[in-house]
Amino acid sequence: MQYEIIGEPYPAVVCHLRRGEQMKTESGSMVWMDPVMKMETTGGGARKMFGKLFSGENMFQNVYTAQNDGMIAFGSSFPGQILPIEIRPGQDFYAQKAAFLASEMSVDLSLHFNQKLGAGFFGGEGFIMQRLSGNGMAFLECDGSLVQYNLAAGQSMVVDTGNVLGFTGNVKLEIQRIKGAMNILLGGEGLFNTILTGPGTIYLQTMPLSNIVDIIAAHIPTSSS
């Protein structure tokens with residue numbers, strides 16, 4: 001499979017498949033394709049469907065099979081960038097649950113739960129993530145601009161939870177409560193931050209969709225009875 005990423009601010013990844021090659025998406029994000037592509041909708045098994053129901057994700061996958069050499073494109077749903085990630089055995093990648101756009105069939109998707117469940121529930125996006133494993137190419141959707149940092153062993157970065165797009169498997173994630181009543185009440189940064197500690201690579205997004213929703217909501221007048 002070969003690919004190219006085109007367009008801005010709404011990018012798309014155009015994948016060129018040989019006969020018999022397959023791609024999958026959980027978000028229904030196919031935007032155009034050659035007629036040689038055959039689509040099949042599947043649940044991926046009862047266990048995975050239950051996990052997706054629990055996490056609020058779409059329970060079904062669309063699988064596209066090339067009946068002959070052809071092209072299929074998957075598009076982003078929000079202004080930003082598309083991050084290509086090459087998954088290799090033993091080199092898992094963790095992404096926030098809304099980031100997955102599409103992948104080759106040889107990439108396996110599973111839910112990843114933070115160990116500290118209490119902090120995770122209140123930490124928002126940091127609680128439930130997607131684990132990408134296996135062998136193949138995956139494409140993630142980034143809200144806003146994409147920023148990459150390579151962390152040395154023991155080096156940490158404090159990140160607002162919604163700005164975490166994903167990170168490589170060796171990176172440790174912790175949810176940390178913001179200290180100080182004045183900071184919590186007046187700081188405007190919420191209750192929690194995410195602490196990412198190396199070694200490994202982290203990918204951050206500058207304008208998560210959740211921030212846009214909060215900004216719009218704050219300017220919507222409330223009705224008075």
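Trainee: Which residue in S13 stands opposite Glu86?

Mentor: This is a predicted model, in which local features need pLDDT of at least 70 and side-chain atom pairs count only at pLDDT 80 or more, while totals for chains, interfaces and linings use all residues. Residues are numbered from 1 along each chain as its sequence is written, and side-chain values use heavy atoms, with hydrogens and water left out. Strand S13 (a DSSP run of E, at least two residues, numbered from the N terminus) spans residues 136–143, and opposite Glu86 in S13 stands Met137.

Trainee: Over how many bridges do S8 and S13 pair?

Mentor: Strands pair if DSSP finds at least two bridges between them. For S8 and S13 the sense is antiparallel, and the number of bridges is eight.

Trainee: Which strands stand at the edges of the sheet?

Mentor: The sheet is open, with six antiparallel-paired strands in the order S5-S6-S3-S10-S13-S8. Two of these have a single partner strand each, so one side of each lacks a neighbour in the sheet; they are S5 (37–42) and S8 (80–87).

Trainee: By how many degrees are neighbouring strands of this sheet turned against each other on average?

Mentor: Strand axes are lines fitted to C-alpha atoms, with angles from 0 to 180 degrees between N-to-C directions. With direction ignored, the average turn between neighbouring strands of this sheet is 20°.

Trainee: Is Trp32 buried, partly exposed or exposed?

Mentor: Trp32 lies in strand S4, residues 30–33. Buried means under 20% relative accessible area and exposed over 50%, with partly exposed in between (1.4 Å probe, protein chains only). Because the value for Trp32 is 39%, this residue is partly exposed.

Methods. Helix = DSSP H or I, 4+ residues; strand = E, 2+ residues; numbered from the N terminus.
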